[in-house]
Amino acid sequence: MFCIWLQNARKTLGLTQKELAAHLKLSASTLGMYEQGRRRPSPKAKARLRLFFSRTEIGSPSTFLPGAPANRQFRQEVQASRHPSPHP
């Protein structure tokens, strides 16, 4: 099921609902409803999900969100944005 995949994918990337929602330009409550299976993503939200996850090692599940191959560099950029390096 998409809701289980989404929650597992988010956790694998080490992101909170709030952080992933910000990347996707969604509210955290909307993302939470997707993860609970209480709401389905709109076509626009699906496109954002597909783009975001296609750039990670996880990739998009072809069943739900057909997408491009994974991209390790994008995942590292996402993780770096969560933990910015200190400036001297």
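Begin by selecting T56, whose side chain reaches the backbone oxygen of F53 at 2.8 Å. As you look at this and every later stop, keep in mind that the model is predicted. If you then show the neighbouring helices, you will find T56 in the loop between α4 (43-54) and α5 (72-82). With a relative accessibility of 0%, T56 counts as buried, because the cut-off for that class is under 20%.

**Helix α2**

Select residues 17-24 next, which form helix α2, and colour L20, A21 and L24, the buried residues of this helix. Looking down the axis, you should see these residues on the same side of α2, because they cover an arc of only 100° around it. Turn to the other side of α2, and you come to K18 and A22, which are exposed. To see what covers the buried residues of α2, display the surrounding elements, which include α1, α3 and α4.

**The loop after α2**

Move on to K25, which follows α2 and lies in the loop between α2 and α3. What is the sign of phi at K25? Phi of K25 is positive, near 60°, in a residue other than glycine. As background to this stop, most residues other than glycine have a negative phi. K25 also counts as exposed, because its relative accessibility is 65% and the class begins over 50%.

**T30 in helix α3**

Now select T30, which is found in helix α3 and is buried, with a relative accessible area of 11%. Show the side chains around T30 and draw two distances: a polar contact of 2.8 Å joins the side chain of T30 to that of S27, and another polar contact, of 3.5 Å, joins the side chains of T30 and R39. T30 belongs to the buried residues of α3, which are T30, L31, G32, Y34 and E35. The elements that cover these buried residues include α1, α2 and α4.

**Where α2 meets α3**

With α2 and α3 both displayed, orient the view so that you can follow the two axes, which come within 8 Å and cross at roughly 105°. The two helices are therefore roughly perpendicular to each other. Which residues should be selected to see this contact? On the α2 side, choose Q17, K18, L20, A21 and L24, and on the α3 side choose A28, L31, G32 and E35, which they meet. Coloured by class, the contact of α2 with α3 shows five nonpolar, two polar and two charged residues.

**Where α1 meets α3**

Add helix α1 (residues 2-12), which packs against helix α3 (residues 28-36) at an angle of about 125°, with the axes 6 Å apart. At that angle, α1 and α3 are therefore oblique to each other. To display the contact, select F2, C3, L6, Q7 and R10 of α1 together with L31, Y34, E35 and Q36 of α3. By class, the residues of the contact of α1 with α3 divide into five nonpolar, two polar and two charged. L31 and E35 are worth keeping highlighted here, since they appear among the α3 residues that meet α2 and also among those that make the contact with α1.

**The end of α3**

For the last stop, follow the chain just past α3 and select G37, which takes a positive phi of about 75°.

Note on methods:
Residues are numbered from 1 along each chain as its sequence is written. This is a predicted model: local features need pLDDT of at least 70, side-chain atom pairs count only at pLDDT 80 or more; totals for chains, interfaces and linings use all residues. Side-chain values use heavy atoms; hydrogens and water are left out. Axes are lines fitted to C-alpha atoms, for helices over the stretch in contact, and angles run from 0 to 180 degrees between N-to-C directions. Helices (H or I, at least four residues) and strands (E, at least two) are DSSP runs, numbered from the N terminus. Angles under 35 degrees count as roughly parallel, over 145 as roughly antiparallel, 65 to 115 as roughly perpendicular and the rest as oblique. Contact means heavy atoms within 4.5 Å. Ala, Val, Leu, Ile, Met, Phe, Trp, Tyr, Cys and Pro count as nonpolar, Asp, Glu, Lys and Arg as charged, and the others, Gly among them, as polar. Buried means under 20% relative accessible area, exposed over 50%, partly exposed in between (1.4 Å probe, protein chains only). A polar contact is a pair of N or O atoms within 3.5 Å; within protein, one must be able to donate a hydrogen and the other to accept it, and residues adjacent in sequence count only if both atoms are side-chain atoms. The arc is that of the directions from the helix axis to the C-beta atoms.
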